[in-house]
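Here is a friendly note to read alongside the model. Keep the 3D view open and turn it as you go through the points.

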Amino acid sequence: DVTEIEEKEAQAKQEEQIMKEQELSNLLHEKRYLKALGLAISLDRPHTVLMVVKAILKETDGRKHLEENIVRLRKDQKEAVLTFLVTWNTNSRNCHEAQAVMETLLKHEAPDSLLQYSGIKSAVESLLPYT
């Protein structure tokens, strides 16, 4: 019977998830946005990433801070943010944040490197009607 082992694994995953949630909350409270962005992206939480972006933009010189944080993300994290912002852009409440992130990506990434992103074609196709 492997039920007990599976239950322990599920409980361990749940505890790890709770620890990451607490860490994310602490990072936001401490205004350590780069780590918060990275953690939210790794947890695959588009809404949480959006909340981090909104928190950054509320700061003094928010656009500048957003640029600094987005530029420092790894390529795979930028790809994830790009897929998230496609969804954000379709909602009028979140479109300004999506546009701010997109502006940063377009400003700081060379066109050739943007073309290397996975899903860039579908992202552009989805962004065009709302942008």
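1. A word on residue classes will help later: Ala, Val, Leu, Ile, Met, Phe, Trp, Tyr, Cys and Pro count as nonpolar, Asp, Glu, Lys and Arg as charged, and the others, Gly among them, as polar. Please also keep in mind that this is a predicted model.

2. Let's begin with the overall build. The protein has eight helices and zero strands, so the elements read α-α-α-α-α-α-α-α from the N terminus on. Along the principal axes, the C-alpha atoms fill a box of roughly 55 × 35 × 25 Å. Of the 131 residues, 36% are buried. Among contacts with a separation of 6 or more, 60% join residues that sit 24 or more positions apart.

3. Now look for the largest pocket, which has a volume of about 240 Å³. Its lining has 13 residues, and those closest to the centre are Met-102, Leu-106, Ile-120, Val-124 and Leu-127. Helix 6 (95-108), helix 7 (111-115) and helix 8 (120-127) are the elements that each give two or more residues to this lining. Helix 8 gives the most, with four residues. What classes of residue make up the lining? There are 12 nonpolar residues, one polar residue and no charged ones.

4. Helix 6 deserves a second look. Its 14 residues should span 20 Å at 1.5 Å a residue, and the end C-alpha atoms are indeed 20 Å apart, which agrees. If you wonder about the count, the expected span is 1.5 Å times one less than the number of residues. The buried residues of helix 6 are Cys-95, Glu-97, Ala-98, Ala-100, Val-101, Met-102, Thr-104 and Leu-105. These buried residues pack against helix 3 (46-58), helix 4 (62-71), helix 5, helix 7 and helix 8.

5. Next, try finding the aromatic pair; the structure holds one. Phe-84 and Trp-88 form this pair, with 6.5 Å centre to centre and 40° between the planes, and it counts as tilted. Both residues lie in helix 5 (residues 75-89), four residues apart, about one turn of the helix. Are these two buried or exposed? Phe-84 is buried, and Trp-88 is buried too.

6. Finally, go to Tyr-130, in the segment after helix 8. Which residues does Tyr-130 touch, leaving aside its neighbours within four places in sequence? The contacts are with Asn-89 and Thr-90. Tyr-130 and Asn-89 are 41 residues apart in sequence, yet their C-alpha atoms are 6.7 Å apart in space.

Technical notes: Residues are numbered from 1 along each chain as its sequence is written. This is a predicted model: local features need pLDDT of at least 70, side-chain atom pairs count only at pLDDT 80 or more; totals for chains, interfaces and linings use all residues. Side-chain values use heavy atoms; hydrogens and water are left out. On a 1 Å grid over the protein atoms alone, a cavity is a set of points where a 1.4 Å probe fits but cannot get out, and a pocket is an open set with protein on both sides within 12 Å along at least five of seven lines; lining residues have an atom within 4 Å of a point. Grid points are joined across faces, edges and corners, and a volume is the space filled by probe spheres set on the points. Contact means heavy atoms within 4.5 Å. Rings of Phe, Tyr and Trp (its six-membered ring) pair if their centres lie within 6.5 Å; planes under 30 degrees apart count as stacked, over 60 as edge-to-face and the rest as tilted. Buried means under 20% relative accessible area, exposed over 50%, partly exposed in between (1.4 Å probe, protein chains only).
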